[in-house]
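Hi,

Here is the structure I said I'd pass along. Have a look at it first, and then read on for what turned up when I went through it.

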Amino acid sequence: MKVLLINGSPRKEGNTYTALTEISKQLSIHGIESTILWIGKKPVRGCIACNKCKENGNGQCVFSDDITNSVIESMSHCDGVIIGSPVYYGQPSGQLLCLQQRMLYAGGAYFIGKPAAAVAVCRRGGASAVYQTILMPFQMMNMPIVTSQYWNLAYGRGEGEAAQDIEGMQTMRTLANNMAWMLKKLNNNNSSDLPEREAWTPMNFIR
């Protein structure tokens, strides 16, 4: 089993990457393979509602000049997906919004029914709005939503600073545990035990 982790930040190894890496490490403990796919710095065009993907019926967007079709191809080989994004003005990154809309519309057949989760990273505020925005398209695709002990949020400003968010990193590990459990259940694993829970490590910003 394999999970596709999409890094929706233009910063390749920033705090979104830090959060997704924590998830990836925890998935590997459960024997779940994962790949972190970075959207890069190049523009991702928005959907223009031409409907050519439906007319062609090939699960690909008619525009092949950005990463959208390669992401769809990657998802065809994966059993679950987690999308991470930084917070820009209370919203996910623009490239990620364009990618998510086009990949789900053109390549929806590779996403339907597969477990999905969202991760939002911010300096201070707006993370819950980004979290909700990423999740909404998944719910329209009949994708089971994987939750954690809290909303999947992490905090940090400087590169890699989110690793210091103790509760945030625990939330990422718990998300990974729940994703692994759901994938195994969906793939007829006989184990009925719920994931083992870490002792809660709450973290406040004012000491």
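Let's start in helix α6, where you'll find M169. Keep in mind as you read that this is a predicted model. M169 has a relative accessible area of just 5%, so it is buried. Leaving out residues up to four places away in sequence, M169 touches T18, A19, E22, A154, A162 and A163. If you want a distance to check in your viewer, take M169 and T201: they are 32 residues apart in sequence, and their C-alpha atoms are 9.8 Å apart in space.

T201 comes back with another residue of the helix. E167 also belongs to α6, which covers residues 166-186. Is E167 buried or exposed? Its relative accessible area is 13%, and the cut-off for buried is under 20%, so E167 is buried. As for what surrounds this glutamate, its contacts beyond four places in sequence are Q149, W200, T201, P202 and M203. With W200 there is also a polar contact, side chain to side chain, at 3.2 Å.

A little further along the chain, things look rather different on the accessibility side. N204 sits in the segment after α6, and F205 is in the segment after α6 too. N204 has a relative accessibility of 53%, so it counts as exposed. For F205 the value is 61%, so this phenylalanine counts as exposed as well. I have a C-alpha distance for each of them. N204 is 84 residues from A120 in sequence, with 18 Å between the two in space. F205 and Y155 are separated by 50 residues in sequence and by 9.7 Å in space.

Next, the helix packing. There are two pairs to show you, and α4 takes part in both.

The first pair is α3 (residues 68-75) with α4 (residues 94-106): their axes are 9 Å apart and the packing angle is about 55°. That angle falls in none of the ranges for roughly parallel, antiparallel or perpendicular, so α3 and α4 are oblique to each other. The crossing of α3 past α4 is right-handed. On the α3 side the contact uses T68, V71 and I72, and these meet L99, R102, M103 and A106 of α4. By type, the residues in this contact come to 5 nonpolar, 1 polar and 1 charged.

The second pair is α4 with α5 (residues 127-140). Here the axes come within 11 Å and the crossing angle is roughly 5°. Angles under 35 degrees count as roughly parallel, so α4 is roughly parallel to α5. From α4, the residues making the contact are L96, L97, Q100 and L104, while α5 brings T133, I134, P137 and F138. This contact divides into 6 nonpolar and 2 polar residues, with no charged ones.

Since you'll probably look at backbone torsions anyway, here are two residues to flag. Most residues other than glycine have a negative phi. A49 goes the other way, with a positive phi near 55°. Y89 is not a glycine either, and its phi is also positive, at about 55°. Where do A49 and Y89 sit? A49 lies in the loop that runs between β2 (33-38) and α2 (52-56). Y89 is in the loop between β3 (80-86) and α4. With a relative accessible area of 64%, A49 is exposed, and Y89 counts as exposed at 83%.

One last spot, in helix α1 (residues 15-29), is S24. This serine counts as buried, at 18% relative accessibility. Setting aside residues up to four places away in sequence, S24 touches L5, S34 and I36. The S34 contact deserves a second click: the side chains of S24 and S34 make a polar contact at 2.7 Å.

If you only have a few minutes, I'd open the E167 and W200 side chains, with their polar contact at 3.2 Å, then look at α4 against α5, and finish with the positive phi of Y89.

Cheers

Terms used:
Residues numbered from 1 in each chain as written. Predicted model: local features only at pLDDT ≥ 70, side-chain atom pairs only at ≥ 80, totals over all residues. Heavy atoms only, no water. Axes fitted to C-alpha atoms, helices over the stretch in contact; angles between N-to-C directions. Helix = DSSP H or I, 4+ residues; strand = E, 2+ residues; numbered from the N terminus. Parallel < 35°, antiparallel > 145°, perpendicular 65-115°, else oblique. Left-handed = near helix turned anticlockwise from the far one by under 90°. Contact = heavy atoms within 4.5 Å. Nonpolar A, V, L, I, M, F, W, Y, C, P; charged D, E, K, R; others polar. Buried < 20%, exposed > 50% of the residue type's maximum accessible area, 1.4 Å probe, protein only. Polar contact = N/O pair within 3.5 Å; in protein donor to acceptor, adjacent residues only side chain to side chain.
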